[in-house]
Amino acid sequence: MKLAEVQSRPRESIAALSAKERRIVLLGSTGSIGINSLNVIRQLGENFRVVGLSAHGNIDRLIEQIHAFQPEVVAVWEESAAAALRSKGFQFHGKTLVVLSGLEGLIEMVRWPSANFVLSAVVGAVGLRPLLAALRSGKTVALANKEALVMAGELVVGEARRWKATLLPVDSEHSALFQCLQGENRQQVKQLILTASGGPFYRRSGALSRVTPKQALAHPTWKMGRKITVDSATLMNKGLEALEASILFGLPLDRIQVVIHPQSIVHSLVEFVDGAMLAQLSWPDMCLPIQYALTYPHRMPGLLKPLNLIEARRLEFYEPDFRRFPCLALAQEAGRKGGTWPAVLNGSDEVAVHAFLNGQIRFTEIASIVEKTLAKHRGSIHPSLETILEADRWARDQAKEYL
């Protein structure tokens, strides 16, 4: 399954949409990607309008965003927070702000009639059902929630094709691959090369068992949310991205290579059968891939500082150390098995990372818990949505037993 097949809406229709107003629902507006997205939207101009916002727990920041962007609808996780927001009586353009709650609130918001574009920046498995709902509504979806695609890639791609929805990548690596492949014959791709910064510990000598949450959250090049930052430190994030790339671009995992690139300037590369390589380079800043998704298939001036190659000075590449960072190999193993194994990988990792951040386990035990959970799983191939969600629940319960 290729990304071009996912984008089954005719190209001229996408271009026409770009020329008109983008009416955007943003899931996860108070997180790192969400904040960057709103900064991009603010500077893109009046053709880019925020219709909906969602937040999990940072209600104070959400209120600031409500005042700044005046959406039609917002969604929060807790009904008590929703009731508190309703009591404030927000009104914009003569209409009362609609406040929704819970998972059903997120699903209702992505279906919002006046919206034509959904940017999903929520973290974790919670993004799966809203993603499917947005695709079934035929909307253009920019996806920064890699976990949903990892868990149910075959299902997601199938629904996008069935409902003629457009799916665009927002992760910097997948956006880079997508940009490099524009106008290229996908049959002539030899392999995809995903770059990884290596996180804060790639150059660290000695055992990693004493690593603290504070150290794991000190990423050398990217400013991200807590969960994805720890995943970057274990290299699980790059494993998830390899699975995501396989789904989006229709290549088996043995044709997707991961290399360590500490400078995070080359965001990924495509190698073709004739030996040529194309790469996308820029300073490490999520504003570029976010903006490319929002304005696709066009480009517009943006917030990104231009890359100065003299200032960058050098670009280094290394082979990953699978022994010290076993999460990368675990992700590849789950991806090769397919079916429900990627959902189990993701669910157990979410539990383990949460436990590490709370001081319950050591850094090196994240991989151990994921490995034990995968080893105990008896999965299925071509699972339904309910089977995937059940595998996710099972994985979380099983991982908690190992704590």
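## Two helices that cross

In this predicted model, helices H16 and H18 are oblique to each other, because the angle between them, about 40 degrees, falls outside the ranges that count as roughly parallel (under 35 degrees), roughly perpendicular (65 to 115) or roughly antiparallel (over 145). To find the pair in your viewer, look for residues 341-357, which form H16, and residues 385-401, which form H18. Their axes lie 8 Å apart, and the crossing of H16 and H18 is right-handed.

Which residues of H16 meet H18? On the H16 side they are Ala343, Val344, Asn346, Gly347, Ser348, Glu350 and Val351. Their partners in H18 are Ile388, Ala391, Asp392, Trp394, Ala395, Arg396, Ala399 and Lys400. Sorted by class, this contact of H16 with H18 brings together eight nonpolar, three polar and four charged residues.

## An enclosed space

Now for the empty space inside the model. Rolling a probe the size of a water molecule over the atoms shows where such space is left. The count comes to one cavity of 30 Å³ or more, and the largest cavity has a volume of about 40 Å³.

If you would like to see its walls, select Ser172, Ser175, Gln179, Trp222, His267, Gln280, Ser282, Asp285, Leu288 and Pro289, which line the largest cavity. Helix H9 (172-180) and helix H13 (287-295) are the elements that give two or more residues to this lining. H9 provides the largest share, with three residues. By class, the lining of the largest cavity holds six polar residues, three nonpolar ones and one charged one.

## An open pocket

The second largest pocket is also worth a visit. Its volume is about 580 Å³, and 26 residues line it. Which of these lie nearest the centre of the second largest pocket? They are Glu154, Ile247, Gly335, Gly338 and Gly339.

Three elements are listed as giving two or more residues to the lining of this pocket: helix H8 (146-162), helix H12 (236-249) and helix H15 (326-337). H8 gives the most, with seven residues. By class, the lining of the second largest pocket has 15 nonpolar, seven polar and four charged residues.

Notes. Residues are numbered from 1 along each chain as its sequence is written. This is a predicted model: local features need pLDDT of at least 70, side-chain atom pairs count only at pLDDT 80 or more; totals for chains, interfaces and linings use all residues. Side-chain values use heavy atoms; hydrogens and water are left out. On a 1 Å grid over the protein atoms alone, a cavity is a set of points where a 1.4 Å probe fits but cannot get out, and a pocket is an open set with protein on both sides within 12 Å along at least five of seven lines; lining residues have an atom within 4 Å of a point. Grid points are joined across faces, edges and corners, and a volume is the space filled by probe spheres set on the points. Helices (H or I, at least four residues) and strands (E, at least two) are DSSP runs, numbered from the N terminus. Ala, Val, Leu, Ile, Met, Phe, Trp, Tyr, Cys and Pro count as nonpolar, Asp, Glu, Lys and Arg as charged, and the others, Gly among them, as polar. Axes are lines fitted to C-alpha atoms, for helices over the stretch in contact, and angles run from 0 to 180 degrees between N-to-C directions. A crossing is left-handed if the near helix is turned anticlockwise from the far one by less than a right angle, and right-handed if clockwise. Contact means heavy atoms within 4.5 Å.
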